[in-house]
Amino acid sequence: MMHRDEEEQVVMNYLSDRYPILRTALCLTEKIRNWYDKKHIGKDLDFVERDLYDWLDDVEDT
């Protein structure tokens, strides 16, 4: 029997394979979540802003 997380992953893989735009949206969502991660606390502001601007460029490109 699959665990809920495994089932969710199977469904997400199926949907992202079937709908490429969904895969792109999920990737962008994961990138912005990572940007908000506490790992950026205390880092150089220029570095943090560059990550955000890179994400914005990815959004504009899609």
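Me: What radius of gyration does the protein chain have, and what would a compact globule of 62 residues have?
Reply: The protein chain has 15 Å, against a value near 11 Å for a compact globule of 62 residues. The radius is taken over C-alpha atoms, and the globule rule is 2.2 Å times the number of residues to the power 0.38. This is a predicted model, where local features need pLDDT of at least 70 and side-chain atom pairs count only at pLDDT 80 or more, while totals for chains, interfaces and linings use all residues. Residues are numbered from 1 along each chain as its sequence is written, and side-chain values use heavy atoms, with hydrogens and water left out.

Me: What does the C-alpha trace span along its principal axes?
Reply: About 45 × 30 × 10 Å.

Me: How many helices and strands?
Reply: There are 3 helices and 0 strands, and the pattern along the sequence reads α-α-α. Helices (H or I, at least four residues) and strands (E, at least two) are DSSP runs, numbered from the N terminus.

Me: What share of the residues is buried?
Reply: Buried residues make up 11% of the 62 in the protein chain. Buried means under 20% relative accessible area, exposed over 50%, and partly exposed in between (1.4 Å probe, protein chains only).

Me: And how much area does the chain expose?
Reply: About 5,500 Å², of which carbon and sulfur atoms supply 56%. Accessible areas come from the Shrake-Rupley method with a 1.4 Å probe; for residues, only the protein chains shown count as cover.

Me: Switching to charges. How many salt bridges does the structure hold?
Reply: The structure holds 1 salt bridge. The side chains of Lys-31 and Asp-58 meet at 2.7 Å, N to O. The criterion is a side-chain nitrogen of Lys or Arg within 4 Å of a carboxyl oxygen of Asp or Glu.

Me: Which helices hold the two partners?
Reply: Lys-31 lies in helix H2 (residues 20-35) and Asp-58 in helix H3, so the pair ties together parts that are 27 residues apart in sequence.

Me: Are those two buried or exposed?
Reply: Neither; Lys-31 counts as partly exposed at 37% relative accessibility, and Asp-58 counts as partly exposed at 26%.

Me: What else does Asp-58 touch, leaving out residues up to four places away?
Reply: Asp-58 touches Leu-28 as well as Lys-31, where contact means heavy atoms within 4.5 Å. The C-alpha atoms of Asp-58 and Leu-28 are separated by 7.6 Å, with their positions 30 residues apart along the chain. Helix H3 itself covers residues 45-61.

Me: Where is Asp-54, and how far is it from Asn-34?
Reply: Asp-54 lies in helix H3 and is partly exposed, at 39% relative accessible area. Asp-54 and Asn-34 are 13 Å apart, C-alpha to C-alpha, and 20 residues apart in sequence.

Me: OK, over to helix H1. Is Ser-16 buried or exposed?
Reply: Ser-16 is buried, with a relative accessible area of 8%. Ser-16 is found in helix H1 and, leaving aside neighbours within four places in sequence, is in contact with Leu-22 and Arg-23.

Me: Which residues make the nonpolar surface patch?
Reply: Val-11, Met-12 and Leu-26 make a patch of about 220 Å². Patches are made of residues with over 30% relative accessible area and no salt bridge; like charges are joined within 9 Å, and nonpolar side chains (Val, Leu, Ile, Met, Phe, Trp, Tyr) within 5 Å. Met-12 sits in helix H1 (residues 4-18) and is partly exposed, with a relative accessible area of 30%.

Me: Last one: how many aromatic pairs?
Reply: The count is 1 aromatic pair. Trp-35 and Tyr-36 form it edge-to-face, 5.0 Å centre to centre with 85° between the planes. Rings of Phe, Tyr and Trp (its six-membered ring) pair if their centres lie within 6.5 Å; planes under 30 degrees apart count as stacked, over 60 as edge-to-face and the rest as tilted. Tyr-36 is exposed, at 63% relative accessible area.
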